[in-house]
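Student: I'd like to go through this model and ask why each label is what it is. Can we set values against cut-offs as we go?

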Amino acid sequence: MAQVEKRGGLLRKSSASKKPLKEKVVLMYDEIFMTEDPSKCSPRFWEELFLMKVNLEYLEGKLESLDGEELMKIKDNINCLFQHCIQALGEEHPIRVVNALQTLCALIRGVHQKNKSTSGFDIINMLMGFDKAELCMKNLMESLDSLLCAEGSESLKSLCLKLLLCLVTVTDNISQNTILEYVMINSIFEAILQILSHPPSRREHGYDAVVLLALLVNYRKYESVNPYIVKLSIVDDEATLNGMGLVIAQALSEYNRQYKDKEEEHQSGFFSALTNMVGSMFIADAHEKISVQTNEAILLALYEAVHLNRNFITVLAQSHPEMGLVTTPVNPAPTTPVTPLGTTPPSSDVISSVELPLDADVQTSNLLITFLKYSSIVMQDTKDEHRLHSGKLCLIILTCIAEDQYANAFLHDDNMNFRVNLHRMPMRHRKKAADKNLPCRPLVCAVLDLMVEFIVTHMMKEFPMDLYVRCIQVVHKLLCYQKKCRVRLHYTWRELWSALINLLKFLMSNETVLLAKHNIFTLALMIVNLFNMFITYGDTFLPTPSSYDELYYEIIRMHQSFDNLYSMVLRLSTNTGQWKEAASKVTHALVNIRAIINHFNPKIESYAAVNHISQLSEEQVLEVVRANYDTLTLKLQDGLDQYERYSEQHKEAAFFKELVRSISTNVRRNLAFHTLSQEVLLKEFSTIS
């Protein structure tokens, strides 16, 4: 007997003598693609259709193969199919509901492919007709809301969320997706919150729910009142906020784990032996090889939560007890392969397990630590566009955190000490730090470490000016809090001072190249003003008097760098070029640093001459400094502890529009409906009454 193969809706016999047979559902689709109403000849047509296994590939392919004119001829039948799908969502038989959901997904995707270049209005008309759109979408959203909130099948809920993600991402620019007006009017916000607050459903669907919410919040956020923004900003239910934080922490944790696994793979393999033999000349290539796809969708969700909801700030510092428990759901949802930008959720075993503690004997993790580790990885390499966007978003999130009074309170809390093992970029001139020697410190130390690490590792030709500005702003905002609240933080401030001075040296040595692209004086002014902040107010927040002495020592030791900077800005501020004004601001800002250098240098030289010492030790220089504070005169500079608060709409709108477009495109591309195979569904709904 000839073997039967099944391909694209056709049943083929291996013998070529007979015509291939089409499966029944494909024949029914073909009837829909005729101009006649298929139910005229077969009154039970729609009833039977939703008992048939959906052939997504054939239905989408058929829609895409038709030209605009042909599609308009069968518009009534497509409208009819769309309406019957919505009706089927109210059926008692779950198989009908599943088939209706999958058919809706195929319809939306197929019509979108056909209408790529046109507006959302055409898609609405083609799917349901303008006259019935409002009622259709009301019924659809109500049905989806009921299915998401019901006690029923997890597979159904998963399909509902995938349909909603499909609906939201139907156009590249979600703000041009007019279908979303109906999603705004018929809100599913409460259904999303219910998923996040309920542990079993959160484990299964939390990832899709969080990504969906992040996208909905970004619909026309600058042009009109978006109800999802309003509602998200006032959520105060602890279980819901913790649930959202847990989903984000697990997704970022999974990224960190994948990166660590790849890193260990490289270190233990042949490559490691080779680099040990020939030195670190290939270290940059190795770093690129272990890069893991960034997760901008989940990062956007974290940003929206931190930016919009003050109550969410408390979630950042909370450890999650259930994160340490590995539990397997009774009906695990089939998982999809890892895809770019983390648009697919981590598998269910990852969702219910946590990033391992940094040291087996120490504490569990929390969302902020996981985020800082994630940031330390993605901020290492900013050459790739996605990682650059991720790095920028990490710094924006840190900016929002650094401005928040409550966040600062727990960042600087001496009773909340953690070991935070940040990833450090491999560099030839430094050894890898031993993880076990990390001290337990307040979380703000890890934030400062991350900023110092970024400053030290990104001085390159393709200079990321925007990221450097944000990095210095984060440090400044943390210092403003410390000054205001007189927090004496025990931190190795010398590392920060040294990094800042090296950055100034880099700006000066690459002046010509950098000035062709950037206003380097903005950054130079910010760096000089950080030093001014330490000079003017350091006695109120540096941990000990000796720390303040060390600041002076560092300025005096590196006086040549400050002298060179002064010469450069003086030269440009006395010319009538485009940089005159920007350079003159730096000139004025250097007044106290130059006063310190000019006051102490002669005294140090005199001390060396009197004592016949050719080179003074650090302790001897500090002795001269301490003895001559009284005669030093400094100018009081205004506004050093003031800063402009972060504003998304005025400064970041273009960045977020582009970011959301990128996330939306990838979510659409990677939505996998086929993962819910008919076999799995039949197993779950084994009885159809």
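Student: Why is M72 called partly exposed?

Tutor: This is a predicted model, and in it M72 has a relative accessible area of 44%. Buried would need under 20% and exposed over 50%, so 44% makes M72 partly exposed. M72 sits in helix α4, residues 68-73.

Student: How far apart are M72 and N125 in sequence and in space?

Tutor: They are 53 residues apart in sequence, and C-alpha to C-alpha they are 9.9 Å apart.

Student: What makes N408 buried?

Tutor: Its relative accessible area is 2%. The cut-off for buried is under 20%, so N408 counts as buried. N408 belongs to helix α22, residues 405-411. Leaving aside residues up to four places away in sequence, N408 touches I401, A402, E403, L478 and Y481.

Student: Are C394 and C471 buried or exposed?

Tutor: Buried. C394 has a relative accessible area of 0%, and C471 is at 0% as well. With buried meaning under 20%, that settles both cysteines.

Student: How many disulfides turn up in the whole structure?

Tutor: The search finds 0. To count, a pair of cysteine sulfur atoms has to be within 2.5 Å.

Student: And over the chain, what share of residues is buried?

Tutor: Buried residues are 55% of the 689 in the chain. The chain has 35 helices and 5 strands. If you take contacts with a separation of 6 or more, 77% of them are between residues 24 or more positions apart.

Student: Let's do helix pairs. Why are α23 and α25 called roughly parallel?

Tutor: Two packed helices are described by the angle between their axes and the distance between the axes. The axes of α23 (residues 443-457) and α25 (residues 493-509) cross at roughly 25 degrees and come within 9 Å. Angles under 35 degrees count as roughly parallel, so α23 is roughly parallel to α25. The crossing of α23 past α25 is left-handed.

Student: Which residues make that contact?

Tutor: From α23 you get L448, V452, I455 and V456, and from α25 W493, E495, L496, A499, L500 and L503. By class, the contact of α23 with α25 has 9 nonpolar residues, no polar ones and 1 charged.

Student: How do you know that α28 and α31 are roughly perpendicular?

Tutor: Helix α28 (residues 545-557) packs on helix α31 (residues 591-610) at about 85 degrees, with the axes 9 Å apart. The roughly perpendicular range is 65 to 115 degrees, so the label fits α28 and α31. In this contact, Y552, I555 and I556 of α28 meet I593, I596, I597, F600, N601 and I604 of α31. Those residues split into 8 nonpolar, 1 polar and no charged.

Student: Why is α21 called oblique to α34?

Tutor: For α21 (residues 385-403) and α34 (residues 653-670), the angle is about 125 degrees and the axes are 12 Å apart. Roughly perpendicular stops at 115 and roughly antiparallel needs over 145, so α21 is oblique to α34. This crossing of α21 past α34 is left-handed. H386, H389, K392, L393 and I396 are the α21 side of the contact, and F655, F656, L659 and S662 the α34 side. The classes in the contact of α21 with α34 are 5 nonpolar, 3 polar and 1 charged.

Student: Now the backbone. What is the phi of R220?

Tutor: Near 45 degrees, a positive value in a residue other than glycine. R220 is in the loop between α12 (199-217) and α13 (227-233).

Student: What makes R220 partly exposed?

Tutor: Its relative accessible area is 28%. Buried stops under 20% and exposed needs over 50%, so R220 is partly exposed.

Student: And how do you know that H612 counts as exposed?

Tutor: H612 is at 74% relative accessibility. Exposed means over 50%, so H612 counts as exposed. H612 lies in the loop between α31 and α32 (618-627). Its phi is near 50 degrees, a positive value in a residue other than glycine.

Conventions. Residues numbered from 1 in each chain as written. Predicted model: local features only at pLDDT ≥ 70, side-chain atom pairs only at ≥ 80, totals over all residues. Heavy atoms only, no water. Axes fitted to C-alpha atoms, helices over the stretch in contact; angles between N-to-C directions. Helix = DSSP H or I, 4+ residues; strand = E, 2+ residues; numbered from the N terminus. Left-handed = near helix turned anticlockwise from the far one by under 90°. Contact = heavy atoms within 4.5 Å. Nonpolar A, V, L, I, M, F, W, Y, C, P; charged D, E, K, R; others polar. Buried < 20%, exposed > 50% of the residue type's maximum accessible area, 1.4 Å probe, protein only.
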